[in-house]
Amino acid sequence: MTPTTHTAPESLLRRTLAEKRIALVAWRLLVLQNADPAVAAGAARFSTYRAHPWRRMEHTMDSGERLFFSDREGLRREIARLERTHRRIEGTDDQGRPFTALDPAVRVWVLVTLYESMTAMRELSGDPMSPAELDGLYAEFRAVCAEFGLPDELFPKTAADVPAYMDRVIRERLEYSDAVHDLLFTMLRQAPAPRRLGRLGPAWPLLRRLIARFLAALTLADLPPAFRERFDLPRTRSAAALSWALHRGMRQAMTRLPDRLRYRIPPTGVPAARPAAARAGDGGTDTPATGRVPRPRRNRGGSPRARAEAFFRQVLDQTGDGYLTSADLQAMAHNVCWQLELDEAAEGEVYAGFDTWWQHIRATMDTDGDGRVSRAEFTAAMVAGADRDPDYLHKGLHTALRALFRAADTDGSGHVGADEYRVLFGGSRVHPAELNHGFRQLDADGDGRITEDEFLRAFTDYFTARTDTTAGAQLLGRP
């Protein structure tokens, strides 16, 4: 089976993926994908899902839109970008097995689980697709997959072959990894509050416990029987009843709604590319879409040491494990490249800048030689290095900062505005209002933009200033 056409504007594939109730099987999809040893190893080494789960979800949803709702040019552009990202995800797992995100069998599994989740959504709601619908959906799905250039023989030949493929992979290759356990039982219990929670933010510690229990029960009830049997994950009666009521209730409700409420994305529409400035207002990492600017939190401590600790915690530790490794620097570079939608050449410059910084960090901060840098090591070395050597920051940090600035300066004007600044440094642990305040401190003349020299000088001040009255000392908010 070698499809050659992309999905039509009106298609069963787009209608199914665009329905809001697809969210009910999203967590199930993540569990199945992360049970593959290579996906789990990549998540453990490179993913930011623990520290930045909502940003990670946004990236996944954005990528899905570009793959299945764009035209052929947009599809190929997204595939090329995914391949550039996945090329950097490789290594050896905890059992000494080599892994790479470009393994064709792994990529096919990740793709097929998406198709299987669409069919599961219909089955779980009591409205399974007919054989003709399954054939049509699979044909459209394979047309998209054909653009990845993966070996045709790795895919199930027909829709009727998908269940046997799923059972075989579950029984022969999947593992109950730490990533699977985190998704089922841990991650949501520790997740930071989503930006869009608004006034419910203070209630998040209670809400996330309830949501975590609810989602774990639903996911366990909805996983394929072969998966539950393989890993001894029981489907309780209460969980089965929850799944039955929720899926069927959502089907009854959604199918009665007008399309503008039923679908997350217009099934017939092709989403236009959004500039970075527009994405900055979408929530997740930047100013809320409502336009209201919350009161910024105050960063405690005004010494260079306190600021270095805050920078490590709020900006550098992307994977949330308390250490700094090359994966954290790669994650920072990836986030910038993703948000700014850079081309291959510009991406390469950003990654090269961050790699240079990592080599400098490892050479000057990894005092115990374990290949990673703790917060204490980073803080001590950064403060001492900046004090002793005027060129210390220039040799490492400034290289990455120049790459960041030039990537954000997409029109080559020599300036970066507030939206680009928030894209560069926004995160779940840095409040948008704090970033707004930091930008205003650097924008001394109030013209709404900063130069590269101002940008670099601000970071020098951040790590060296003895008082918080210096503008650069307030990059991450008020002292």
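Among the elements of the chain, confidence runs from a lowest mean pLDDT of 40 in helix α14 (residues 276-279) to a highest of 97 in helix α8 (residues 162-172). These values belong to a predicted model, and they are a handy place to begin reading it. Over the whole chain the mean pLDDT is 83, with 84% of the residues at 70 or more. Two stretches call for some care. Residues 1-5 stay under 50 in pLDDT, and the model gives them 13 contacts beyond four places in sequence. The pLDDT is also below 50 over residues 271-301, a stretch with 67 contacts in the model beyond near neighbours in sequence.

The overall make-up of the chain comes next. Its secondary structure consists of 23 helices and six strands. Of its 479 residues, 51% count as buried. Where contacts join residues with a separation of 6 or more, 73% of them are between residues 24 or more positions apart. The structure holds zero disulfides. Among its cysteines, Cys-145 is buried, with a relative accessible area of 2%, and Cys-337 is buried as well, at 1%.

A helix pair in the N-terminal part of the numbering offers a first look at packing. Two packed helices are described by the angle between their axes and the distance between the axes. For helix α2 (residues 26-34) and helix α9 (residues 178-190), the axes come within 8 Å and cross at roughly 145 degrees. On the α2 side, the contact is made by Trp-27, Leu-30, Val-31 and Asn-34, which meet Ala-179, Val-180, Leu-183, Leu-184, Met-187 and Leu-188 of α9. Sorted by class, this contact has nine nonpolar residues, one polar residue and no charged ones.

Helix α5 (residues 72-86) can be checked against simple helix geometry. Its 15 residues, at 1.5 Å a residue, should span 21 Å, and the end C-alpha atoms are indeed 21 Å apart, in agreement with that figure. The buried residues in α5 are Gly-74, Leu-75, Glu-78, Ile-79, Arg-81, Leu-82, Arg-84 and Thr-85. Arg-72 is found in this helix too, but it counts as partly exposed, with a relative accessibility of 26%. The C-alpha atoms of Arg-72 and Glu-147 are separated by 8.9 Å, although the two residues are 75 residues apart along the chain.

Further along, helix α15 (residues 304-316) is largely enclosed by the rest of the structure, because 10 of its 13 residues are buried. These buried residues are Pro-304, Ala-306, Arg-307, Ala-308, Ala-310, Phe-311, Phe-312, Gln-314, Val-315 and Leu-316. Their cover includes the strands β3 (323-324) and β4 (373-374), together with helices α16, α17 (344-365), α18 and α23 (452-464). One residue of helix α18 (residues 375-388) is Thr-379. At 1% relative accessibility, Thr-379 counts as buried. Leaving aside residues up to four places away in sequence, Thr-379 touches Arg-305, Ala-308 and Glu-309.

Helix α16 (residues 326-340), already met as part of the cover of α15, shows a similar picture of burial. With 13 of its 15 residues buried, α16 is largely enclosed by the rest of the structure. Its length also fits expectation: 15 residues at 1.5 Å a residue should span 21 Å, and its end C-alpha atoms are 21 Å apart. Just after α16, Glu-341 takes a positive phi of about 55 degrees.

Backbone angles of this kind deserve a brief comment. Most residues other than glycine have a negative phi, and most peptide bonds are trans. Asp-232 is not a glycine, yet it has a positive phi of about 50 degrees. Asp-232 sits in the loop between α11 (225-230) and α12 (237-254). With a relative accessible area of 65%, Asp-232 is exposed.

A last example comes from helix α21 (residues 418-425), where Tyr-421 is placed. Tyr-421 is buried, with a relative accessible area of 1%, against the cut-off of under 20% for burial. Between the C-alpha atoms of Tyr-421 and Ile-450 there are 9.3 Å, while the two residues are 29 residues apart along the chain.

Conventions:
Residues are numbered from 1 along each chain as its sequence is written. This is a predicted model: local features need pLDDT of at least 70, side-chain atom pairs count only at pLDDT 80 or more; totals for chains, interfaces and linings use all residues. Side-chain values use heavy atoms; hydrogens and water are left out. Axes are lines fitted to C-alpha atoms, for helices over the stretch in contact, and angles run from 0 to 180 degrees between N-to-C directions. Helices (H or I, at least four residues) and strands (E, at least two) are DSSP runs, numbered from the N terminus. Contact means heavy atoms within 4.5 Å. Ala, Val, Leu, Ile, Met, Phe, Trp, Tyr, Cys and Pro count as nonpolar, Asp, Glu, Lys and Arg as charged, and the others, Gly among them, as polar. Buried means under 20% relative accessible area, exposed over 50%, partly exposed in between (1.4 Å probe, protein chains only). The expected span of a helix is 1.5 Å times one less than its number of residues. pLDDT is the predictor's confidence in each residue, from 0 to 100. A disulfide is a pair of cysteine sulfur atoms within 2.5 Å.
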